[in-house]
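Here are some short exercises to work through with the model open in your viewer. Try each task before you read its solution.

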Amino acid sequence: MERAGLDGWMVRLFDSIDEKNLLWLTALAEECESVFGSTLVDLVPSYTTLLVVFDPFQTTPCEARQKLLDILATLRPAEAGTGGELHELPTWYDLQVGPDLQRVADLSELSVEAVIEAHCAREYRVFALGFAPGFAFMGLLDPALTCPRLDTPRQKVPAGSVAIAGQQTAAYPVVTPGGWNLIGRTPARLFDRNREGFSLLRVGDRVRFVAATREKFEAEGGDTKPADQTLEKGAAK
């Protein structure tokens, strides 16, 4: 457990990414909500940690730490398959909007069709939100699709771009720099200021990417404008 400022503790449960981690992190978050009550300000889960932010005017750091230690002493994982809303994201897989689709196929030694099939075959868990509003880190990918980020990131990635990097997949909610491999695009509105919570996806949710034709993609409001394939130096995720 590590101090995180004057009003927070970072609880580290694991050292590596694993889908089973979510069962423990979900259970920890639920216990914190119950034990801390009105003194709890925020919970920020990630792949292996949970940041617990408390109200320093209602409880001291020492008291908060002791509560966490008591919770951890009897913590048990949540039941598998519980919680998490299922989202199906229609996705148009095409070089026009997924300029790295062929690169992923080459690195994986698969056909483009096989890459699309493998990406759609799995149900992904949202491990964390960050980098940009509504950006959900999801996994785990089929090992065959594991590939590195681009050596030189794009300065602008179109909103809705579906991408993969390492063992993870994601969909960019807004136009932003990015170094992940773009393989398609979804018309889903991933970030909306008028939506409660703003983000369509939340930690623990389940996601399936469903291959869609260009016609269906356009009918649901998808932007078919080609992705900028000019790579420029800049920050990436």
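**Exercise 1. Cysteines**

Decide whether Cys-62 is buried or exposed, then look for its possible bonding partner.

*Solution.* This is a predicted model, so every value here is computed from its atoms.
- Step 1: Cys-62 has a relative accessible area of 63%, and because the cut-off for exposed is over 50%, Cys-62 is exposed.
- Step 2: The cysteine sulfur nearest to Cys-62 belongs to Cys-32 and lies 17 Å away.
- Step 3: A disulfide needs two cysteine sulfur atoms within 2.5 Å, and Cys-62 is in no disulfide.
- Step 4: Now turn to Cys-147, which counts as buried at 3% relative accessibility. Its closest cysteine sulfur, in Cys-120, is 15 Å from its own, too far for a bond.
- Step 5: The count for the structure is 0 disulfides.

**Exercise 2. Overall build**

Work out how the radius of gyration of the protein chain compares with the globule rule.

*Solution.*
- Step 1: Start with the inventory: the protein chain has 5 helices and 13 strands.
- Step 2: For 237 residues the globule rule gives 18 Å, and the radius of gyration is 19 Å, close to that value, so the chain is as compact as a globular protein of that length.
- Step 3: Along the principal axes, the C-alpha atoms fill a box of roughly 55 × 35 × 30 Å.
- Step 4: Buried residues make up 45% of the 237.
- Step 5: Take the contacts with a separation of 6 or more: 66% of them link residues 24 or more positions apart.
- Step 6: About 12000 Å² of the protein chain is exposed, with carbon and sulfur atoms supplying 49% of that area.

**Exercise 3. Helix α3 and its neighbour α4**

Find the buried residues of α3 and say on which side of the helix they lie.

*Solution.*
- Step 1: Helix α3 spans residues 101–108, and its buried residues are Leu-101, Val-104, Ala-105 and Ser-108.
- Step 2: An α-helix has 3.6 residues a turn, so residues three or four places apart point the same way.
- Step 3: The buried residues of α3 cover an arc of only 100° around the axis, which puts them on the same side of the helix.
- Step 4: Among the elements covering them are α4 (112–121), β9 (161–165) and β12 (181–185).
- Step 5: After α3 comes Glu-109, with a positive phi near 60°. Glu-109 is in the loop between α3 and α4, and is exposed at a relative accessible area of 73%.
- Step 6: In α4, the buried residues are Val-112, Val-115, Ile-116, Ala-118, His-119 and Cys-120. Their cover includes α3, β6, β9, β10, β12 and β13 (206–211).

**Exercise 4. Strand β7**

Which residues of β7 are buried on each side of the strand?

*Solution.*
- Step 1: In a regular strand the side chains alternate between the two faces of the sheet.
- Step 2: β7 covers residues 136–139, with Ala-136 and Met-138 on one side and Phe-137 and Gly-139 on the other; all are buried, and both faces are covered.
- Step 3: β6 (residues 124–129) pairs with β7 in the antiparallel sense over 4 bridges, with Val-126 facing Met-138 as bridge partner.
- Step 4: The hairpin of β6 and β7 has 6 residues between the strands, including Phe-131 with a positive phi near 70°. Phe-131 is partly exposed, at 36% relative accessible area.
- Step 5: β7 is also joined to β10 (residues 168–171), antiparallel and through 2 bridges. Here Gly-139 stands opposite Gln-168.
- Step 6: Gly-139 also takes part in a cis peptide bond with Leu-140, where omega is about 0°. Leu-140 sits in the loop between β7 and β8 (154–157).

**Exercise 5. An open sheet**

Name the edge strands of the sheet that contains β1-β2-β4-β3.

*Solution.*
- Step 1: The order β1-β2-β4-β3 describes an open sheet of 4 strands with antiparallel pairing.
- Step 2: β1 (2–3) and β3 (40–45) each pair on one side only, and they are the edge strands.
- Step 3: β1 meets β2 (residues 8–12) over 2 bridges in the antiparallel sense, and Arg-3 stands opposite Trp-9.

Technical notes. Residues numbered from 1 in each chain as written. Predicted model: local features only at pLDDT ≥ 70, side-chain atom pairs only at ≥ 80, totals over all residues. Heavy atoms only, no water. Buried < 20%, exposed > 50% of the residue type's maximum accessible area, 1.4 Å probe, protein only. Arc of directions from axis to C-beta. Contact = heavy atoms within 4.5 Å. Rg over C-alpha atoms; globule rule 2.2 N^0.38 Å. Areas by Shrake-Rupley, 256 points an atom, 1.4 Å probe, with all protein chains shown as cover. Pairing = 2+ DSSP bridges.
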